[in-house]
Amino acid sequence: MKKRFALLIAVVLVLVCYLTACQSNQTQTTPNQTTTTVTNQTTTAATTTTTTAVETGLNDPNVNLPGTIPVLKELTDIKIGISADGSYLSWTTSAIGDWVKEKSNVNIVWEFFSTSGDEARQQIELLVASNAVLPEIIHGLLNDSGRDAYGAAGYLVELTPYFEKQGKFFYEAVDREEFNLDDMTKYAKSPDGGLYGVPSFGYAPGNYYSNRAWIATPFLEALGMENPKNADELYEYLKGVKTMDPNRNGEPDEIGIIGSINGWNGNPLSWMQNMFIYCDNTDNRYIITNNGELDVSYDKPEYQEFLKYARKLCDEGLLDALSFTQDYDTYLSQVTAPELIVGMAISGGVGGFADNVSKYQAANVIEGPNGFKAATYSAPYANTLSYITSSAESPEACFAFLMTGFSDEKYHIMARYGQEGLDWAYCTDGEKGLYEDLGFPAVFKWLRGDIRKIEGQTSVWGGANIYTLPVMTKNEVLYYVDPVENIGAAMTAATTIAQAPYAPQNVVTKIIYTQEESDKTSELRSVLKTYVKEARTRFVAGDLDPEKDWDAYIQELNNIQYQMILETDRAAYHRTIGK
Amino acid sequence: MMDIRQNSIQHGVKKEHKIGRSKSDRFFYTVVTLILGLFTLIVTLPLINIVAASFSDSTAVLAGKVTFWPVDFTLDGYKAVFRNKDIGTGYINTIIYTVVGTLINIGVTLVCAYPLSRSELPLRGAFMFLFTFTMFFSGGLIPNYINIRNLGLPDTFWVMVIPGAMSVYNMIVARTFIQSTIPNELLEASLIDGSGYGRFFFSVVLPLSKAILAVLALNYAVGHWNSYFGALIYLRSRDKFPLQIFLREILVNNKVDESVLMDPEAMQIKKGISDLLKYSLIIVSTVPILAFYPFVQKYFMKGVMIGSLKG
Amino acid sequence: MSQIHFPTEERTNRADRYAKYFCRMKRCGVLYLFLLLPVVWVIIFNYIPMTGVQIAFRKFSFVGGIWGSPWVGLAQFKKFFGSYQLSRILPNTILLSFYGLLAGFPLPVLFALCLNALEVRWFKRSVQTITYIPHFISMVVLVGMLFRIFNSRTGLFASIYMLIMDVQPRDLLANANTFRHMYVWSGVWQNLGWSSIIYVAALSGVSMELHEAAQIDGASRFQRVLHIDLPTIIPTVTIMLILSAGGIMNVGFEKTYLMQNDLNLVTSEVISTYVFKIGISGTTVSDYSYSTAIGLFNSVVNMLMLAFVNAIAHKVSEVSLW
């Protein structure tokens, strides 16, 4: 018995040892791409050709002189990783696909990843971690921290030298669209200074003003009031909504201000804070002081004023406490009630308002009791969209391919709107663009509605990223829609135009942290964010009193070392903007 | 005593011999029936709500008008699912994975549970520890992924059924079942007759384990049917994807992702379908399993041991 | 009828000894043959990758991979224990789990016993078939339903409450105290039917003759349940209890995250949601080392808990895992 036992154990041990030894031999080897530093780059791409094309100055003879169409000499296969968004799968040809193939001489071989962003990132992470073969190009799929980590580890090709040699189309596109080159590249870089992807940018001001409120027009009329412009008028309006039965049904069923916890920008407090002190679009609550310094808003006396005001509204039932617990669906169920009951709805858009959408109008930017007024503004910047991986056979060819989207302004028009004459046409009858008041006249108009919504269309690739290839474009402000048919788009444009004058001159676009800064502060930063948000809600609708518990709150902030985090952020901010 | 018992056995094997219900028995039955009935009601009502919502117009669902009957009947939610041509492939793949996978599961589980149910087996404790340890400690996602890759399994049929061949949890449950319901006397009788442990397994244990086989089959089949994550990371070819992957694709495709800046128009249309889909997806992915259930149910509702003991 | 004798099923000593003798005669080698396949499988698919758990003691970076990343010893664990919110998330996790166990463990057993005791077949089968369905509802839908029903203005609960009390109820979803109750009891609703299946299956092995004999002796239905049915499934119940104890640190991420809001965060922030939030605001793609370290900590606690309950079970009854 004992012998058999020993034998069994021995066998098991040997098995384990052998297989583990096998395992450890497959150590992670860094991929053959030598990158990581910005200076002295050498493109040691996996080239097999020995003859260098003298006229292009590039290693891959298949690549044409930058600025030429088609970008490659011969039809080449390139494997591209992309999210399995319906459109790419249901048909293999599309008008835009044909156009790209003709202009680039590239036969795209799609490699699909999960449609869910998180899962796709997980899939790529596993491929990287196990040193497997990646697609040659990746579209989207990565977030900033992923890009930074893979880039630093050498799995993504650093592109600065490629821009220098082959970036002609890109620079031409930036010029053509009148964008600032610095803005288009500065924020796309990684903490180590490297540029690991090709930036892409579509100017869409409708997305830059995110805190929006919608006010019920029938209620204003019933109460004989105008769209409130300051805190007093707002208070009067809400009081009227709650007490004077504006929907005239004899029931006290009206609701003042209501939002949701998971709707897009559905938190009423973020919208309201702008009456007292600027509220930024992230949870960091940054403000830029008058002397250009970075600061936070949540420890200031103005912030405390704001909390007291909001608390008063909440206690009187004018601000609905359910905003802080209900989900977007429940919020919508109240907004879409057949008898109008919501006086002021807080959400980023009017999607889902159904039949009640015409009963709402954009609320004004409201001036607080101390005369402050602002609109939350997210400064736009170009971020990386497409990446060339270390598994690329010819990074030069891949890079040349990625320039195709910049080569011709027709690309971003066709990719977004479809085929000229079939899906869109140039405006001719002086149609007024939605953003004309911001200085953007209408240039295109849809002939059969938004191409993305049309079943079975074969004009565009569709997908979450409508442009697919990196572009520089202003399309989103240049198209015309009928404001009555597309009331949602019209309302968005209306609030954008109303809020534009009140966006602060100086906002934080983006802060790029180094690895050490990140490591040092990531946990406390997360705790801080959570706590500030939690405290804000509890001050207004919960168990904290803005007067009595303020000092304890500041004490807690100090425990979380918010000053230390702020100092770190300041240093990083100055480094990012280069001042 | 013996005579009376035999009499009642003769008459009462199929039906419980009605000696006459006492008052306390009637009270017991009433209370139990009421409680169970109430609980069943609490379960049924929300379920009916889900079914009704899957057939209702999305704005009605949002407005909260749907209670127990569809409002503005529509098949849009189902159309959004079945319009996708991959669904057929998904169903077939999942059925194959489930059938083959469950068979493998049951085989490996029983083959493992049986020896461990014998308390006379030397080193039984050591083996139990070997298996139980893996319930708690695992290398994590990346080492497992590398391991599977080294074995050449990714993107094959086998990766869906071999790495998960046995759930230690289920094995323990099976072991307990065998231990407590198969009496030792049967083993003794079998050993005396000259057959060994092996023969005993096939001739006695298996036939008497119908109930636990049914439970195992149900557990494993449901696991395979709902499996998603393994396919997500180990499969590449779309023609091997199971149903859940395609269903999730549809859901995410129609979900409004705020990180992707889209105009409110597109958002609104997508939101409508997305809401409906939540419900119709549950129905689509659950109904087949529900259909499977009654077949297994009869195995664990009542009496399997009758007649096995003599005297 | 003062004493009713309920014969119990026990492994007789004689049969036991015979089996042991048989085995010592080297006739149980075939059992090892049976075990060969599972053992090989568990080594290949579980123990080999298990060596990767050492990443919890390193600082993972993509450059080095698992074997090449720098060694940092217990740094990840120290980081976890130095977490700012540890005093909130650790008790929350454990309390939520215990509460869930207390409510969620006995009820399926009772349910199975009651179900088994009934006689009307169609009723039994339909109750069983209906009650296990909620198990298949996805978490998103479940929480959505919960939000809808308990919305203090538009929900079903509010309507009923107003009928009786004439005023709107407190917002149950906004309360840190009610969070635990909502979480646990919605879980009971969802899983009771499914969890009871194993007990119903175990009860199918109850000897009919025992019931016949007890009936003749005059035992009431209730007494029969208590003295025949229950002891028969005690081994199964015990093992299930031990296994449940081994899951004490596993508070599901998805459901908790969906049910969280600012006003109940005091009780709803658990380890998994906290780690997730740090991961999002964090640095590298996923701090793999950190999450592995926390997972390891959870596993150790789970294992200790299981061993503890197992030891108690071993002392009190004969049933235990090892």
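In this predicted model, B:Ser54 is buried, with a relative accessible area of 0%. The residue belongs to helix α2 of chain B, and its side chain is joined to the side chain of B:Tyr78 by a polar contact of 2.7 Å. When neighbours within four places in sequence are left aside, the residues in contact with B:Ser54 are B:Thr74, B:Tyr78, B:Leu276, B:Tyr279, B:Ser280 and B:Ile283, so that B:Tyr78 appears both in this list and as the partner in the polar contact.

From this residue one can turn to the interface of chain B and chain C. The contact draws 111 residues from chain B and 96 residues from chain C, and the area buried between the two chains is about 9,600 Å², with carbon and sulfur atoms giving 72% of that area. The rule finds 0 salt bridges across this interface, while the count of residue pairs in polar contact between chain B and chain C, both at pLDDT 80 or more, is 17. On the side of chain B that touches chain C, helix α2 (residues 23–54) gives the most, with 17 residues, and this is the helix of chain B in which B:Ser54 lies. Divided by class, that side of chain B has 68 nonpolar, 31 polar and 12 charged residues.

Chain C also meets chain A, and here the contact takes 48 residues from chain A and 43 residues from chain C. The area buried between chain A and chain C is about 4,000 Å², and carbon and sulfur atoms give 64% of it. Within chain A, the residues that lose the most area to chain C are A:Thr325, A:Glu523 and A:Glu534, which together account for 15% of what that side buries. Across this interface the rule finds 2 salt bridges, one of which is formed where the side chains of C:Asp262 and A:Lys533 meet, at 3.3 Å from N to O. Between chain A and chain C there are 9 residue pairs in polar contact, with both residues at pLDDT 80 or more.

Several elements of chain A supply at least two residues each to the side that touches chain C, namely α1 (2–25), α4 (117–129), α5 (144–153), β6 (255–258), α13 (328–335), α19 (515–541) and α20 (550–559). The largest share of that side, 13 residues, comes from α19(A). By class, the residues of the side of chain A that touches chain C divide into 17 nonpolar, 21 polar and 10 charged.

Looking at chain A as a whole, one finds 21 helices and 15 strands. Of its 579 residues, 59% count as buried, and among contacts between residues at least 6 apart in sequence, 76% join residues at least 24 apart.

One of the strands of chain A, β5 (residues 213–216), can be followed residue by residue. In a regular strand the side chains alternate between the two faces of the sheet. In β5(A), A:Ala213 and A:Ile215 point one way, A:Trp214 and A:Ala216 point the other way, and all are buried. The strand is joined by 3 bridges to β9 (residues 342–346) of chain A, the two running antiparallel, and in this pairing A:Ala213 stands opposite A:Ile346. β5(A) also pairs in the antiparallel sense with β10 (residues 360–362) of chain A, again over 3 bridges, and there the bridge partner of A:Ile215 is A:Gln361.

Some details of the backbone are found in the loops of chain A. The peptide bond from A:Ile69 to A:Pro70 is cis, with omega near -5°, and A:Pro70 lies in the loop between α1 and β1 (76–83). A:Glu178, in the loop between α7 (168–177) and α8 (181–186) of chain A, has a phi near 60°, a positive value in a residue other than glycine. A positive phi, near 50°, is also found at A:Asp245, a residue other than glycine, which lies in the loop between α10 (231–243) and β6 of chain A.

Are these two loop residues, A:Glu178 and A:Asp245, buried or exposed? A:Glu178 is exposed, because its relative accessible area is 66% and the cut-off for that class is over 50%. A:Asp245 counts as buried, because its relative accessibility is 17% and buried means under 20%.

Conventions:
Residues numbered from 1 in each chain as written. Chains lettered and ligands numbered in written order. Predicted model: local features only at pLDDT ≥ 70, side-chain atom pairs only at ≥ 80, totals over all residues. Heavy atoms only, no water. Contact = heavy atoms within 4.5 Å. Buried area = accessible area lost by both parts, 1.4 Å probe. Salt bridge = Lys/Arg side-chain N within 4 Å of Asp/Glu carboxyl O. Polar contact = N/O pair within 3.5 Å; in protein donor to acceptor, adjacent residues only side chain to side chain. Helix = DSSP H or I, 4+ residues; strand = E, 2+ residues; numbered from the N terminus. Nonpolar A, V, L, I, M, F, W, Y, C, P; charged D, E, K, R; others polar. Buried < 20%, exposed > 50% of the residue type's maximum accessible area, 1.4 Å probe, protein only. Pairing = 2+ DSSP bridges.
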